[in-house]
Amino acid sequence: IQIIPKVHDLDDLYPTVEAAIALVESSGLVYEVGALGTTVEGQLSELVDLVKAMNDAVIEHGAVSVISQIRFYLGQDDISMDTLTSKFR
């Protein structure tokens, strides 16, 4: 998930993004914050609800608008962040 808020003052950019990340942290889902986005594991309905809440949070935090870039991996296998990245850690 990458949340890109448009703010009036660039000093508000990081606190606005941090408001969205705080929702991820409190979600109870497995996640990893990266430099340009956050990876979250969960059921599709949980993730969609989380993205909506993140968008709402940045608007409530003062963003004029927000762009959300999301990618979903859906499959019957048990692929996790650790499975995908363990070779590189």
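**View 1. Strands β1 and β4 side by side in the predicted model.** Here β1 meets β4 (residues 65-69), and the two run antiparallel with five bridges between them. For a handy landmark, look for K6, which sits opposite S65 of β4. Now follow the side chains along β1, which covers residues 2-6, and you'll see them alternate. I3 and P5 go to one face and are buried. Q2, I4 and K6 go to the other face and aren't buried.

**View 2. Helix α1 and what its buried residues pack against.** This helix is 14 residues long and spans 21 Å from first C-alpha to last, close to the 20 Å expected at 1.5 Å a residue. Its buried residues are T16, A20, I21 and V24. An α-helix makes a turn every 3.6 residues, so positions three or four apart point the same way. The buried residues of α1 pack against quite a list of elements: β1, β2, β3 and α2. Just past the end of α1, check the backbone at G28, where phi is positive, at about 85 degrees.

**View 3. A close-up of N55 in helix α2.** Is N55 buried or exposed? N55 counts as buried because its relative accessibility is 17%, and the cut-off for buried is under 20%. Skipping neighbours within four places in sequence, N55 has contacts with I3, V66 and S68. Two of the elements from the first view come back here: I3 is one of the buried residues of β1, and β4 takes in residues 65-69.

**View 4. F72, in the loop that links β4 to α3.** With 37% relative accessibility, F72 counts as partly exposed. Which residues does F72 touch, once neighbours within four places in sequence are set aside? They are L44, L47 and V48. As for P5 over in β1, F72 is 67 residues away from P5 in sequence and 21 Å away in space, going C-alpha to C-alpha.

**View 5. The largest pocket and its lining.** Rolling a water-sized probe over the atoms is a way to see where empty space remains. The largest pocket holds about 960 Å³ of space. Its lining is made up of 31 residues, and those nearest the centre are T39, V40, R71, Y73 and M81. Elements that put two or more residues into this lining are β2 (30-33), β3 (38-41), α2 (44-60) and α3 (81-85). Of these, β3 has the largest share, with four residues. Sorted by class, the lining of the largest pocket comes out as 14 nonpolar, 11 polar and six charged residues.

**View 6. The second largest pocket, with β1 and α1 in its lining.** The volume here is about 330 Å³. There are 17 lining residues, and I3, V17, A35, L36 and G37 are the ones nearest the centre. β1 and α1 (13-26) are the elements that give two or more residues to this lining. Which element gives the most? That's α1, with five residues. What about the class make-up of this lining? The second largest pocket is lined by 13 nonpolar and four polar residues, with no charged ones. I3 is worth a second look: besides lying among the residues nearest the centre of this pocket, I3 is buried in β1 and is in contact with N55.

Terms used
Residues are numbered from 1 along each chain as its sequence is written. This is a predicted model: local features need pLDDT of at least 70, side-chain atom pairs count only at pLDDT 80 or more; totals for chains, interfaces and linings use all residues. Side-chain values use heavy atoms; hydrogens and water are left out. Buried means under 20% relative accessible area, exposed over 50%, partly exposed in between (1.4 Å probe, protein chains only). Two strands pair if DSSP finds at least two bridges between them. On a 1 Å grid over the protein atoms alone, a cavity is a set of points where a 1.4 Å probe fits but cannot get out, and a pocket is an open set with protein on both sides within 12 Å along at least five of seven lines; lining residues have an atom within 4 Å of a point. Grid points are joined across faces, edges and corners, and a volume is the space filled by probe spheres set on the points. Ala, Val, Leu, Ile, Met, Phe, Trp, Tyr, Cys and Pro count as nonpolar, Asp, Glu, Lys and Arg as charged, and the others, Gly among them, as polar. The expected span of a helix is 1.5 Å times one less than its number of residues. Contact means heavy atoms within 4.5 Å.
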